[in-house]
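Q: Please take a close look at one part of this model, and work outward from there to its surroundings. I would like the reasoning to stay tied to what can be read from the coordinates.

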Amino acid sequence: MSLLHVEQLKYRYPNRSVLALDEISFTVNKGEFIGIAGRNTAGKTTLCYALCGLVPHFFKGAYGGRILLDGDEILASPLSKITSKVGFVFENPFSQLSGAKFTVADEIAFGLENLGLPREVMHERIQDSLHMLGIEHLRQKNPFDLSGGQMQRLAIASVIAMQPEILVLDEPTSQLDPQGAEEVFTIVEKLTQDGMTIVMAEQKMEKLAAYSDRILLLHEGKLIQDGEPAAVFSREDLMELGVEPPIYTTVAKKHGLRKESTGCFPVTLEELLAFDLDEPLEGLFPVQEKIETSNIQIEELSFSYPDGQKVLDSITLGLSSEPIAIVGQNGAGKTTLVKLMKALLIPSDGRIVIDETDTKATTAAKLAKKVGLIFQNPDDQIFKKSVLDEVMFGPLNMGIDKAEAKSLALQQLEAVGLAEKAEENPYDVSLAERKLIGVASILAMDPDIIIFDEPTMGQDYEGKLRLKGIIADLHSKGKLVICILHDMDFVSEVFGRTIVMGQGKVLFDGSTKDVFSQLDIVQRAKIELPHRYQIARAIQQKREFASPTS
Amino acid sequence: MRNMTLYVHPENGSPIHRMDPLTKMLYVFTSVAISYLLPSHLLVSLVLAVSILLLVDGKVFRSILPIIGVSFVLLASILVVQGFFHPDRATVLWEIGPFTLYKEGFSIAFLILLRVLNMVCAFGVLILTTKPDELVETLVQKGLSPRFGYVLLSVLQIIPQMMTLTGKIMDAQRARGLEMEGSLWVRVKSFIPLLGPVVLRSLAETRERSIALEVRGFNSTGKRTRLHELPLYPYGVAAKALLAAILLTVIVWRIWS
């Protein structure tokens, strides 16, 4: 008998007119790894909620069909019984902490105490899960002092310790840097090998393809396909459904390489390398046209926080002429650097001159016309009742009259594709769309320099495509674009110049191509190689291995 | 600041750290109550001296100083109001320009000052030497609802996180040209755009946290257990009896005298 049996599942959130889940049926057997793919708003999160009983026990609304968990119907079981069998880990590592425990070990114990387990059993399980997640050394640390990746591993440890039969993960790496994400994927891989039943929604298709036995492809609440990764990712209409296949599949499609046995495209690097193909290293990275733009001069810049912690150390840079990417792991000082450029922070030493203005002699608000900084989380700024008012807020602050502010705002909403949602409440649109509202609200001030902090985080294929368009458009209008990024594929597709930061210093500043060809820099900065570059290198190495004399 | 706990743990602990939270709570109650029951400066000073001795014994005396510093404004205002304006003023103590400090008012102010200082120090004995989770667990064992206990503890960790969040939101609004530096009016005006995101983000986080709590069985109805055994304090009964006896004696003495 299947562990999880979903039959004709339908669900609609309260006060909504559209179904979030629409007639979904599938089964999950013990030990299987099921991936869930789909664009933002496809229904992935809602399906995860339904599998662990939060729909309909926590989120009310209209519910139809049924889910059987180990033979018991979820609708009729109390939530506490369901959660003892299904563990759930979601995006935001911070809000998964209980907030009432002061050490990592106690945090793991929180769920076990609620289950009423004897003390010896708790100690045993805490030790096992700390060991399994590789966080034994963090045992006595305060959970809030951990990095994002560590926090997410703690969240998984806390759930695993409760020994659920199924682990449901909803985009557990979307808010983590590449290193943090890799830490989580390593754990997921280990759990899979240990035979745990896993259901995971994820945007990183390369990972889903590598781990999943089957993939559920969702679109607008409907299950479009339930099949093996190769079959799902070989669909011709995948992009129309807002899902970008693994990069290996895209390359294979370009070369028309199908597996003879199944007629499907390869979905992992190993499968791709089984074919004889040529993917040259040259031409992988863009060369952007250099034009006249505003100029940022950073001279001997150092910055320490009031507690004495030094974040930036003697940085000298000149930024102008073309879109520039800033990369490096969390804590490298990237966000601090752009906050200094925007005069949100004042240099401890050295200076930043923007065209003619020293940032020490101005305020962030006064710099609004010159420098626009788009923050990672759009919800940090939204407070107006309509999308249009939200976008008009910046221009009005700059003293522009209402009519002109409105026309500027509408123009930018058009540019980000949200013109028809101008009168809606910003909180009624999706997060990806709110992110674009954040972009429009800065662009409406028409600054000469636009800085994006992590624009691709949590964006699906279409969101990234739109961002690429916006950056190209700004560049063509003579604006200077600077972008902090963790997504190396995006870096390698859009930016000609990349600055690598690590431990408060500039480790490298040069062409994007040169960054990734210097492996010591890549390792020191703990960044990943872009997937296309990995493929090209692997092919080259394979050739060298096959004919070592040539 | 990652959490708001004031708990200080010196190496090897201290006798006060080993004392059980309930005894310390009874100490706070007794100490504060008798400092208000006792009428003379000398006796209240003695009570204060005991609190200070306990702080020294607990190796946390230095940590109380900043807290006393914070209450300095309150103490100074008591001195000013009572010393200069107490209705029973008669005997002049000092004259500072047009202001006259009276002995009667000063005497009352000094007594209040001793009592407030003792209150700060007595609470210091409890707060600085007791782990918050042990304190709350003790209360839960004595009948406090576990949910309320959770709220007490989570506030300590979550308020500092909210302060960090507010900083982020301020930056995002300044980046959109909202001036927050300058006159008081400019600052007041900039407050409204902060409120929306702070409240909504906090609500969203609260919802997510309540999902996390559900998933981890916080609402299960079965009997809860606890990872850490609360250490047994061998002198607990004796200490509590002594404190109760002192309190009773003072009450009886005040009624009869």
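A: Strand 16 and strand 17 (residues 449-453) of chain A run in the parallel sense and are joined by four bridges, where two strands count as paired if DSSP finds at least two bridges between them. Within this pair, Leu373(A) faces Ile451(A) of strand 17 of chain A. Helices and strands here are DSSP runs counted from the N terminus, helices being H or I over at least four residues and strands E over at least two.

The model is a predicted one, in which local features need pLDDT of at least 70 and side-chain atom pairs count only at pLDDT 80 or more, while totals for chains, interfaces and linings use all residues. Residues are numbered from 1 along each chain as its sequence is written, with chains lettered from A and ligands numbered from 1 in the order in which they are written.

The pair belongs to an open sheet of six strands in chain A, ordered 16-17-18-13-19-20, with mixed pairing. The edges are taken by strand 16 (371-374) and strand 20 (505-511) of chain A, each of which has a single partner strand, so one side of each lacks a neighbour in the sheet. On average, and ignoring direction, neighbouring strands are turned by 15° against each other. Helix 15 of chain A packs on this sheet, where it touches strand 16 and strand 17 of chain A, and its direction makes about 170° with that of strand 16 of chain A; such angles run from 0 to 180 degrees between N-to-C directions, along lines fitted to C-alpha atoms, for helices over the stretch in contact.

Helix 15 (431-443) also leads to the partner chain, for it is listed with helix 3 (79-83), helix 4 (104-115), helix 5 (119-132), helix 6 (148-160) and helix 13 (387-397) of chain A further below. In total, 54 residues of chain A are in contact with 46 residues of chain B, contact meaning that C-beta atoms placed from the backbone lie within 7 Å. The six helices of chain A just named, helix 15 among them, each supply at least two residues of the side that touches chain B. Helix 4 of chain A contributes the most, namely seven residues. By class, this side of chain A has 28 nonpolar, 18 polar and eight charged residues, with Ala, Val, Leu, Ile, Met, Phe, Trp, Tyr, Cys and Pro counted as nonpolar, Asp, Glu, Lys and Arg as charged, and the others, Gly among them, as polar.

Elsewhere in chain A, strand 1 (residues 4-12) pairs in the antiparallel sense with strand 2 (residues 21-28) over five bridges, and Leu9(A) stands opposite Ile24(A) of strand 2 of chain A. Strand 1 of chain A also runs antiparallel to strand 4 (residues 62-69) of chain A, to which seven bridges join it; there His5(A) has Leu68(A) as its bridge partner.

Taken as a whole, chain A holds 20 helices and 20 strands, and its C-alpha atoms fill a box of roughly 70 × 65 × 50 Å along the principal axes. A compact globule of 550 residues would have a radius of gyration near 24 Å, and the 25 Å of chain A agrees with this; the radius is taken over C-alpha atoms, and the globule rule is 2.2 Å times the number of residues to the power 0.38.

Key. Contact = placed C-beta atoms within 7 Å.
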